[in-house]
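Thanks for asking me to look this one over. Here are my notes, in no strict order, for someone opening the file without any background.

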Amino acid sequence: MFSKDFLWGGATAANQIEGAYNEGGKGLSTADILPGKERFNYLFDPQGMMDTKFDFYPSHKAIDHYHHYKEDIALMAEMGFKCYRLSISWPRIYPNGYDEIPNEEGLQYYDDLFDECLKNGIQPLVTLSHFEMPLALTKEYNGWIDKKCIEYFEKYVRTVFERYQNKVKYWLTFNEVNSVTKLTFHSGGTIVPKGENVDQYGYQILHNQAVASSLAVKACHEIIPDAKVGCMVQYSPIYPYSCHPDDVFAAMELERDRETFALELFVKGEYPYYSKRLFNKLDVNLDVTKEELDILKQYPVDFISFSYYMSLAWAREGFIGEITKGNQMSGIKNPNLESTEWGWQIDPKGLRIALNKLYDTYRKPLFIVENGIGVKEELKHDTVEDDYRIDYLKQHLLQVEEAIEDGIPVMGYTMWAPMDIVSNSTGEMSKRYGLIYVDVDDKGNGTFKRYKKKSFNWYKSVIKSNGGNLKI
Ligand code: BG6
């Protein structure tokens with residue numbers, strides 16, 4: 001049974017939904033200068049990144065939520081949302097990151113947005129940094145590799161905590177923070193010079209963001225004592241491809257290194273026991289101070305949030321098998337599972353496994369803040385008959401219910417995404433996740449009109465019955 005205060009809703013991110021990239025005093029963001037998958041590619045080509053001109057930048061227009069937010073929130077309210085997870089665009093508040101004073105127009109925009117949510121009975125759940133930062137911080141400091149960013153981030157979060165203290169009670173620090181160890185530019189605004197050790201950069205950035213997250217927890221608890229702050233990780237349980245002990249260990253190691261390492265810092269406030277061996281293997285030497293370690297220990301997060309789209313399989317070195325794509329990482333194709341058009345494996349039970357594993361290890365309340373299916377879709381008679389999405393969400397929610405029965409405190413579920421928005425990994429509009437179809441194509445052409453898909457009314461009835469109709 002879902003508790004009566006279960007937070008049902010949906011999730012988005014500023015650079016994928018807002019558009020208006022140069023309006024309202026906003027500065028350029030790291031998400032504004034590369035189209036989508038290019039942000040993953042530019043690990044080693046600093047000059048190329050700054051110089052290349054692309055013919056289209058999805059985040060510049062996105063779905064123009066900046067000008068449509070009232071209409072969008074009204075649609076969420078119609079579905080009965082209790083919670084809307086969104087991110088604040090840092091460069092809307094501090095256009096360069098290092099500015100003396102914040103941009104009032106940006107602050108006002110989110111004030112209005114939060115008012116609109118609250119007026120409709122929707123609690124905002126706010127991500128402070130979702131795959132973007134002021135581009136000026138990349139140009140000036142090469143992003144999060146420089147500890148100066150900790151200071152600027154703290155200033156930014158204190159500004160928004162002060163401003164929205166009466167409106168926002170749930171906060172997340174960095175979206176899918178574990179992705180930064182590999183995707184240094186995409187998730188940390190940092191370019192790794194050619195020939196240098198990516199792991200060295202990746203783990204140093206993770207450390208810097210962990211310290212910044214702890215300082216955010218500290219600030220939030222001081223400024224908004226009744227608020228809760230969570231971390232956010234991308235979590236795909238990694239299954240051993242076979243029961244050979246070498247495969248079991250390899251799967252465990254991959255999950256640890258790529259996914260749960262970050263949780264040790266954010267939740268337990270300490271480096272995991274295996275980090276010394278891992279760092280030796282990767283030739284990583286971190287710049288870590290005693291004071292920073294104390295900060296990590298003193299201010300862990302209040303809850304864990306995570307995205308769940310799939311599970312992956314893994315095996316010992318030398319294994320030859322089909323590799324499949326996933327969210328930020330690939331794995332071995334699991335023959336027991338179906339996949340989406342983008343190769344993401346569909347595994348509802350994996351969500352129950354994820355909830356159990358996370359709760360078993362960390363004993364913190366859990367919040368599923370992303371889960372959904374991207375599909376190529378066409379509007380027919382002003383709607384989309386998306387029975388596959390209804391089935392995907394239903395099967396996953398049934399597993400959430402099972403996990404609750406297992407005894408796990410699950411705070412809520414915000415599906416990705418209430419409306420079609422720009423895909424993070426591909427920059428496409430045609431990878432559609434929404435319960436609402438938005439008439440915009442991959443090049444940003446269209447009427448921007450919103451249409452309810454079949455799943456809209458289905459999700460509305462799920463929320464209305466507090467999950468009661470899932471079994472019907
Ligand atoms: C998560 C991100 O990785 O998955 C979102 O937090 C993203 O930003 C979502 O959009 C779905 O991924 P994609 O690449 O299909 O948009």
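The points below go through a helix pair, some aromatic rings, the cysteines and a few backbone details.

1. A word before the rest: what you have on screen is a predicted model. Please read every distance and angle below as a value computed from that prediction.

2. Start with helix α12, residues 245-268, and helix α13, residues 275-282. Their axes come within 12 Å of each other and cross at roughly 100°. An angle from 65 to 115 degrees counts as roughly perpendicular, so that is the label for α12 against α13.

3. Which residues make the contact between these two helices? From α12 you'll find Glu-253, Asp-257 and Phe-261, and they meet Ser-275, Leu-278, Phe-279 and Lys-281 of α13. Sorted by class, the contact of α12 with α13 is made up of 3 nonpolar, 1 polar and 3 charged residues.

4. Phe-279 deserves its own look. This residue sits in helix α13 and is buried, because its relative accessible area is 11% and the cut-off for buried is under 20%. Leaving aside residues up to four places away in sequence, Phe-279 touches Tyr-203, Phe-261, Tyr-271, Val-284 and Leu-286. So you meet Phe-261 of α12 again here, as one of the residues across the helix contact. For a sense of scale, the C-alpha atoms of Phe-279 and Ser-87 are separated by 32 Å, with their positions 192 residues apart along the chain.

5. Back in helix α12, have a look at Met-252. Is Met-252 buried or exposed? Neither, quite: its relative accessibility is 38%, so it counts as partly exposed. Its C-alpha is 8.0 Å from that of Tyr-239, and the two are 13 residues apart in sequence.

6. Next, the loop between α12 and α13, where you'll find Glu-270. Glu-270 counts as partly exposed, because its relative accessibility is 36%. Its contacts, not counting residues up to four places away in sequence, are Glu-264, Leu-265 and Lys-297. Glu-270 and Phe-6 lie 264 residues apart along the chain, and 31 Å separates their C-alpha atoms.

7. On to the aromatics. The structure holds 34 aromatic pairs. Take Tyr-141 and Tyr-152 as an example: the ring centres are 5.8 Å apart and the planes are at 50°, so this pair is tilted. Tyr-141 belongs to helix α8 (residues 135-141) and Tyr-152 to helix α9 (residues 148-163), and the two are 11 residues apart. Tyr-152 counts as buried because its relative accessibility is 13%.

8. There is also an aromatic cluster to find. Tyr-66, Tyr-69, Tyr-109, Tyr-110, Phe-114 and Tyr-164 together form one. I'd suggest showing these six side chains at once when you view the cluster.

9. How many disulfides turn up in a search of the whole structure? The count is 0. Cys-220 shows why for its own sulfur: the closest cysteine sulfur, in Cys-231, is 14 Å away, which is too far for a bond. The cut-off for a disulfide is a pair of sulfur atoms within 2.5 Å. Cys-220 counts as buried because its relative accessibility is 0%. Cys-149 also counts as buried, with a relative accessibility of 0%.

10. One peptide bond to check by eye: the bond joining Trp-416 and Ala-417 is cis, with omega at about -5°. Ala-417 lies in the loop between β14 (410-416) and β15 (436-438).

11. Finally, two residues other than glycine with positive phi. Asp-283 has phi near 60° and lies in the loop between α13 and α14 (290-298). Its relative accessibility is 54%, so Asp-283 counts as exposed. Arg-363 has phi near 50° and has its place in the loop between α15 (348-362) and β13 (366-370). Arg-363 counts as exposed too, because its relative accessibility is 52% and exposed means over 50%.

Note on methods. Residues numbered from 1 in each chain as written. Predicted model: local features only at pLDDT ≥ 70, side-chain atom pairs only at ≥ 80, totals over all residues. Heavy atoms only, no water. Axes fitted to C-alpha atoms, helices over the stretch in contact; angles between N-to-C directions. Helix = DSSP H or I, 4+ residues; strand = E, 2+ residues; numbered from the N terminus. Parallel < 35°, antiparallel > 145°, perpendicular 65-115°, else oblique. Contact = heavy atoms within 4.5 Å. Nonpolar A, V, L, I, M, F, W, Y, C, P; charged D, E, K, R; others polar. Buried < 20%, exposed > 50% of the residue type's maximum accessible area, 1.4 Å probe, protein only. Phe/Tyr/Trp six-rings, centres within 6.5 Å; stacked < 30°, edge-to-face > 60°.
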